[in-house]
Amino acid sequence: MSGAVERGGLVDLQPTPARILADVVQGLSATPKRLPSKYFYDARGSALFERITRQPEYYLTATELALLQARMADIAAAIGAGAHVVEYGSGSGRKTELLLGGLDAPVAYTPVEISRSALEHSVARLGALFPEIEMLPVCADFTGPFALPVPARAPARTLLFFPGSTLGNFDGPQSVALLRGMRDAAGADGRALIGLDLDKDPRRLEAAYNDAAGVTAEFTLNLLARLNREIGSDFDLGGFAHRAVYARERMRIETDLVSLRAQTVRVGGRTFAFAPGEAMAVEISQKYTRDSAAALAAQAGLALRAWWTDPQGDFALALLAPA
Ligand code: AVI
């Protein structure tokens with residue numbers, strides 16, 4: 001269950017402490033233990049993620065931005081005029097700005113975002129930059145069902161935008177469900193433009209998720225700080241260490257918090273025991289090849305229409321259409 005606080009016409013769907021507690025107890029009761037990565041993004045977690053995107057090892061953001069810039073004319077030609085752009089996430093950044101500025105006369109923009117404040121910030125900024133584009137924000141969890149608003153001017157087609165390789169933070173079945181939801185939301189003539197980080201030298205991948213300045217470690221451990229504050233757990237932040245390893249056979253970075261000693265953690269009146277060295281899974285970041293992306297899309301009834309990569313082949317923008 002989510003909290004639903006109405007203010008200024010937008011409902012805030014941030015998860016309630018009861019929902020977080022239920023998810024955490026379920027994850028800690030599993031073997032191996034796990035915590036949901038979606039809870040990384042409180043205010044401090046979002047600020048730390050912003051800092052990650054500026055670390056020299058974390059090439060993803062800068063590469064995707066440059067790729068979008070380099071291929072904008074091709075993207076605009078493939079989409080055509082008068083699109084309704086729907087973004088999964090708050091879209092307050094440079095990528096959205098580039099897309100809205102580069103497309104041929106988009107009629108409307110809909111960010112779909114669970115945090116009302118992030119949504120308001122995004123719409124205020126983009127609305128000022130693009131007064132001719134109708135802003136139609138939706139406060140919703142994009143992993144669940146939600147209704148798309150209907151623009152005042154009829155769009156020629158709907159374009160779903162899901163940048164950042166955020167798809168990679170969902171497991172196989174979840175990402176197929178997400179892609180299927182996009183296909184349904186965009187309709188028969190719709191398109192989806194998705195940013196995907198590509199398989200590469202494990203040393204570069206592991207460096208990206210273990211930056212020398214320790215920002216990613218801080219980001220991961222902030223999850224425990226958030227849980228302590230919001231659901232009253234007593235994780236000892238000094239008792240766990242961040243570890244991110246590239247599992248080549250699964251083509252994904254697997255991030256764990258490793259218990260540094262035997263310890264117990266109390267959550268919601270229950271006690272969970274950790275052995276020394278025990279790993280708690282907190283995030284996956286799937287990496288892709290053109291073939292694996294096409295196979296994933298096919299499972300959701302989507303086909304690859306175009307595949308753009310940077311010159312080094314580090315990152316891709318995949319354009320998908322109903323198969
Ligand atoms: C948001 N997401 C795509 C990031 C990623 O690369 O998986 C989150 C992240 N986790 C650690 N570093 C960045």
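# Briefing: ligand pocket, one helix and some backbone details

G187 counts as partly exposed, because its relative accessibility is 26% and the partly exposed class runs between 20% and 50%. This is a predicted model. The points below start at G187. They then turn to the ligand, to helix 5 and to the backbone.

**Around G187**

- G187 sits in the loop between helix 6 (172–186) and strand 8 (191–197).
- Along the chain, G187 and R157 are 30 residues apart. In space, their C-alpha atoms are separated by 8.3 Å.

**The ligand and its shell**

- Which residues come nearest to the ligand? They are Y58, N169, Y209, E283 and S285, out of 13 residues around the ligand.
- Y209 has a polar side-chain atom 2.5 Å from an oxygen atom of the ligand.
- S285 places a side-chain N or O atom 2.7 Å from an oxygen atom of the ligand.
- N169 has a side-chain N or O atom too, 2.8 Å from a nitrogen atom of the ligand.
- How much of the ligand does the protein bury? Taken alone, the ligand exposes 340 Å², and the protein buries 96% of that.
- Three elements give two or more residues to the shell around the ligand: helix 2 (43–52), helix 8 (215–231) and strand 13 (279–286).
- By class, this shell has six nonpolar residues, six polar residues and one charged residue.

**A closer look at S285**

- Strand 13 is where S285 is found.
- Is S285 buried or exposed? S285 is buried, because its relative accessible area is 5% and the cut-off for buried is under 20%.
- The side chain of S285 also meets the side chain of N169 in a polar contact of 3.4 Å. Both residues are among those that come nearest to the ligand.

**Helix 5**

- Helix 5 covers residues 116–129, which makes 14 residues.
- From first C-alpha to last, helix 5 reaches 20 Å. That is close to the 20 Å expected at 1.5 Å a residue.
- The buried residues in helix 5 include R116, L119, S122, V123 and L126.
- Why do these five fall on the same side of helix 5? They do so because they cover an arc of only 125° around the axis.
- What does the face turned away from the buried side carry? On that face of helix 5 are the exposed residues A124 and A128.

**Backbone details**

- Most peptide bonds are trans, and most residues other than glycine have a negative phi. The next points go against that pattern.
- T31 and P32 are joined by a cis peptide bond, with omega about -10°.
- P32 has its place in the loop between helix 1 (17–29) and helix 2.
- S165 is not a glycine, yet its phi is positive, at about 60°.
- The loop between strand 7 (157–162) and helix 6 holds S165.
- S165 is buried, with a relative accessible area of 6%.
- M251 is not a glycine either, and its phi is positive, at about 50°.
- Where is M251 found? M251 is in the loop between strand 9 (240–247) and strand 10 (252–259).
- M251 has 18% relative accessibility. M251 therefore counts as buried, since the cut-off is under 20%.

Technical notes:
Residues are numbered from 1 along each chain as its sequence is written. This is a predicted model: local features need pLDDT of at least 70, side-chain atom pairs count only at pLDDT 80 or more; totals for chains, interfaces and linings use all residues. Side-chain values use heavy atoms; hydrogens and water are left out. A residue is near a molecule or strand if one of its heavy atoms lies within 4 Å of it. A polar contact is a pair of N or O atoms within 3.5 Å; within protein, one must be able to donate a hydrogen and the other to accept it, and residues adjacent in sequence count only if both atoms are side-chain atoms. Accessible areas come from the Shrake-Rupley method with a 1.4 Å probe; for residues, only the protein chains shown count as cover. Helices (H or I, at least four residues) and strands (E, at least two) are DSSP runs, numbered from the N terminus. Ala, Val, Leu, Ile, Met, Phe, Trp, Tyr, Cys and Pro count as nonpolar, Asp, Glu, Lys and Arg as charged, and the others, Gly among them, as polar. The expected span of a helix is 1.5 Å times one less than its number of residues. Buried means under 20% relative accessible area, exposed over 50%, partly exposed in between (1.4 Å probe, protein chains only). The arc is that of the directions from the helix axis to the C-beta atoms.
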